[in-house]
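Trainee: Could you take me closely through one part of this structure, and explain how its pieces are put together?

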Amino acid sequence: MKPQLLLSLKGYKKSDLLHDLMAGLMVAIIALPLSIALGIQSVPAEVSTNGIQFGIITAIVAGFFISAMGGSKHQIGGPTAAFVVILFGYLANPEIGVLGLAIAGIIAGVLLILMGILKAGNVMKFFPYPITIGFTTGVGLTLLIGQIKDFCGFNASGTEAIEKIVSYCENITSFDLATFGVGVLGLLIVLFLPKINKKIPAAFVALIVCTGATLLCNGLLETSIATIGSKYGEVKAGFYPINFGKISEVNFGALIVPSIVIAFLCAIESLLSATVAAGMTGTTFDANQELIGQGVANIGSSLLGGLPATGAIARTAASIENGAKSPLAGIFHALFLLVMYFALMGVLQYIPLTVFAAILISVSINMSRFPLFFKLTRFGVRDGIILLATFALTVVFDLTYGVLGGVAITFLLNIKNCKIGLKIDKQDSAESTTLSIRGALFFLNANKLVDAIANELSPVNELTVDFTALQSIDETAMEKLKGIDKKAKSQGKTLQLINMNADMVAKFNKFYGVI
């Protein structure tokens, strides 16, 4: 295993450097407001007033190491929305706090490195698709609920989603129309500007416009729209190295679950992001090296005063769309952020909190993928139960319960499929090759078929898969088939799926295009 950076530099051209520099700059402009917003929402103000700095430090340090040490050519790392809810809860827990979370981040980093060395990246291929969509939608909805306070100017409290909703209802009279108006302005910019021109960093534009609107309202109309300055005072750039002198105060027993959860979530999110990047560019990535890179990044971020981090799908996609050629784009993005961090902190005090809420509402809507979620609930009873259970447990409790509960339910509902198994028979003729499959195709054996298709399709241009004897298929298997089909088409090859029963035909017609 080698970091992708070393592999990418072989045959690297001078023209590639300019592409990576420009991609890095554009992603840094996108990442700055996101990092601030995620830092603010991850860190309770009563625990620390350095949430802004924590978010930016995470983007700088983790962003650098994920690109320098990871196994993906285009991965951009930093703070992500998936972590916000659990980090807020951990930091609010007096048994964990800032120091405890930093230690948990280091332990999680070590676990990720061990996972990479032990090649656990291969195991992540078996993660069920309904659980991924269920917890992603759950986290997205929980994140959205958390933004209502700053978006509407409520004087509310609460850690869990239900607590927050109750608090909003109890404090409805604290609604501030001016704050809401500026928030709506920011949300409209973030949602609709990309539809006009994807190259313009909508979040950055929203920051500028909403800051101007706030200065106007607070100055001329004498409104009281909350800003970074009014809540946090002067924001000073700097790093916050971990103070090991207070390590005796840490309750290590309380860090076991958070460390495992952070490592697990990081592994899922980073490999998902790397998979998306590979699909966009037609490249491959080393899953195990990526886990090692994520581990190093989380250790570095935690040591220097940052938060746990992972690969960020939206920023990774932005890097690719802006012409990135190698992991140097991610490194440049981190260096540009470092310059911005020390150059722009003086003007942050004027930015309204509601615009950060607007940015994260947009993020939560995009990550929730509600249309896909509701459509997949009708895929079948088994997958629908898994999807809804994971979603409900994530929203009502937290991500840990959502994933663990979803995994437990998945295995219980797939006992029959485990007994049936899957068998693949190869039939060659003068004109073509056919793979006949029988049994049950589901999350545990879907990769077996994908690998068989990849091997057989490698030397030829066309391959047929016969479903005559297949009894059932789940969402995960369909998602895997779509992935290999997309890859085949990108290589100019054809994958034919024939002889499905009526139920499978209906599912493919309804869901294949949206998974």
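**The open sheet and what packs on it**

Mentor: In strand 5, the residue that bridges to arginine 438 is alanine 469, and that pair is a useful place to enter the sheet, bearing in mind that the model is a predicted one. The two strands concerned, strand 4 and strand 5, pair in the parallel sense over 7 bridges, and together with helix 20 (residues 446-457) they make a right-handed β-α-β unit.

Moving on from strand 5 to strand 6, we find parallel pairing again, here over 5 bridges, with leucine 463 having leucine 495 in strand 6 as its bridge partner. Helix 21 (residues 475-490) completes a right-handed β-α-β unit with strand 5 and strand 6.

On the other side of strand 4 (residues 433-441), the pairing with strand 3 is antiparallel and consists of 7 bridges, and within strand 4 it is leucine 435 that stands opposite lysine 426. Taken as a whole, then, this is an open sheet of 4 strands in the order 3-4-5-6, and its pairing is mixed. Strand 3 (422-428) and strand 6 (494-498) each have a single partner strand and stand at the edges, so one side of each is left without a neighbour in the sheet. From one strand to the next, the twist averages 20°.

Helix 22 (residues 502-511) also packs on this sheet, where it touches strand 5 (462-473) and strand 6, and its direction makes about 115° with that of strand 5. When you follow individual residues along the strands, keep in mind that in a regular strand the side chains alternate between the two faces of the sheet.

It helps to set this part beside the nonpolar cores of the model. The largest of them has 87 residues, and Ile36, Ile52, Phe135, Ile228 and Phe356 are those with the most contacts inside it; helix 2 (residues 14-42) gives the most to this core, contributing 9 residues. If we leave aside neighbours within four places in sequence, phenylalanine 135 is in contact with Phe127, Leu265, Ile268, Glu269, Thr390, Thr394, Leu399 and Val403. A second core, separate from that one, has 46 residues, and Phe373, Val465, Leu495 and Met500 are among them. Here we come back to the sheet, for Leu495 is the strand 6 residue already met as the bridge partner of leucine 463.

Notes: Residues numbered from 1 in each chain as written. Predicted model: local features only at pLDDT ≥ 70, side-chain atom pairs only at ≥ 80, totals over all residues. Heavy atoms only, no water. Pairing = 2+ DSSP bridges. Axes fitted to C-alpha atoms, helices over the stretch in contact; angles between N-to-C directions. Contact = heavy atoms within 4.5 Å. Right-handed = clockwise from strand over helix to strand, strands pointing away. Core = buried A, V, L, I, M, F, W, Y, C linked by side-chain atoms within 4.5 Å. Buried < 20%, exposed > 50% of the residue type's maximum accessible area, 1.4 Å probe, protein only.
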